[in-house]
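Please open the structure in your viewer, choose a cartoon representation, and keep a selection tool and a distance tool at hand. The tour proceeds by selections, each followed by a description of what is found there.

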Amino acid sequence: NYKSTVDALPHFLDQKNVDLFTRHQIFSITEMHSRYEILMENYCKTISIEAQTMLEMVHREIIPAVCAYQKDLSSTASLKQGLAADLNCSLEKMVLANLSRLSAELYQNALSLERELMEAKTQEDLHSQAQAYRSNVLTAMQEVRNVADQLETITGKDYWPFPTYSDLLYSV
């Protein structure tokens, strides 16, 4: 069992498989090579579209939402301090520190994903391009996802731009 499409697809062109398909006149050798290339190109295009969509969601939705929430928390802490200097603002400060750290990490991970995506697109042959998408782009996407998931749990519900996991689970 192979762990990924990129690992499995090259075996479509193994000699025993080519012999089987040509002997039964299912595909010619040329058709098998064409199918292999089409499947690998589809794999690369699919991962590329998913990565670009993720980057758009991060830059246009998540980061602005988290920044708006940080702004309102900062205003709340500032107003509390202005009202009475002895009012405790530790909650706001801790949440802000966490949001600030995670949003910076999300931004850095998104930049890393952009670099990996550009690097994958510059690969010369199709197999190394698919390997770059599998090994580097998918890993970078997972890093973005991990931080975004953490931000989702601490960003106010009214600020978060997408349905939360609980919305999806309990809205039926």
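Begin by selecting residues 90-121, which form helix α4, together with residues 126-154, which form helix α5; in this predicted model the two helices pack at an angle of about 165°, and their axes lie 9 Å apart. Since angles over 145 degrees count as roughly antiparallel, α4 and α5 are therefore roughly antiparallel to each other. If you look along the contact so that one helix passes in front of the other, the crossing of α4 and α5 is left-handed. Colouring the residues of the contact of α4 with α5 by class gives 17 nonpolar, six polar and four charged.

Keep α5 selected, hide α4, and bring up α3 in its place. What angle do α3 and α5 make where they pack? The angle is about 25°, with the axes of α3 and α5 10 Å apart. Because angles under 35 degrees count as roughly parallel, this value makes α3 roughly parallel to α5. Here too the handedness can be read from the view, as α3 passes α5 in a left-handed crossing. The residues of the contact of α3 with α5 comprise 21 nonpolar, three polar and five charged.

Now select α3 by itself, residues 29-83, and place a distance between the C-alpha atoms at its two ends. At 1.5 Å a residue, the 55 residues of helix α3 should span 81 Å, and the 79 Å that separates its end C-alpha atoms agrees with this expectation. Where along α3 should one look for a kink? Centre the view on Val58, where α3 has a kink of about 40°.

Staying on the same helix, select Ile47, which has its place in α3. With a relative accessibility of 7%, and with buried meaning under 20%, Ile47 counts as buried. Add Leu138 to the selection: Ile47 and Leu138 are 91 residues apart in sequence, yet their C-alpha atoms are 7.6 Å apart in space.

Move next to Gln25, in the loop between α2 (15-23) and α3. Is Gln25 buried or exposed? Its relative accessibility is 73%, so Gln25 counts as exposed. The backbone deserves a look as well, for the phi of Gln25 is near 55°, a positive value in a residue other than glycine.

The loop between α3 and α4 holds the next stop, Asn88, whose relative accessibility of 54% means that Asn88 counts as exposed. Draw a distance from Asn88 to Leu111, 23 residues apart along the chain, and the separation of the C-alpha atoms is 37 Å.

Show α4 again and select Met94, which is found in that helix. At 56% relative accessibility, Met94 counts as exposed. From Met94 to Thr155 the separation is 61 residues in sequence and 13 Å in space, taken between C-alpha atoms.

Finish in helix α5, at Thr139. How does Thr139 count at 39% relative accessibility? Thr139 counts as partly exposed. A last distance, from Thr139 to Asn17, spans 122 residues of sequence and 31 Å between C-alpha atoms.

Definitions and conventions
Residues are numbered from 1 along each chain as its sequence is written. This is a predicted model: local features need pLDDT of at least 70, side-chain atom pairs count only at pLDDT 80 or more; totals for chains, interfaces and linings use all residues. Side-chain values use heavy atoms; hydrogens and water are left out. Helices (H or I, at least four residues) and strands (E, at least two) are DSSP runs, numbered from the N terminus. The expected span of a helix is 1.5 Å times one less than its number of residues. The bend at a residue is the angle between axes fitted to the seven residues ending there and the seven starting there. Axes are lines fitted to C-alpha atoms, for helices over the stretch in contact, and angles run from 0 to 180 degrees between N-to-C directions. Angles under 35 degrees count as roughly parallel, over 145 as roughly antiparallel, 65 to 115 as roughly perpendicular and the rest as oblique. A crossing is left-handed if the near helix is turned anticlockwise from the far one by less than a right angle, and right-handed if clockwise. Ala, Val, Leu, Ile, Met, Phe, Trp, Tyr, Cys and Pro count as nonpolar, Asp, Glu, Lys and Arg as charged, and the others, Gly among them, as polar. Buried means under 20% relative accessible area, exposed over 50%, partly exposed in between (1.4 Å probe, protein chains only).
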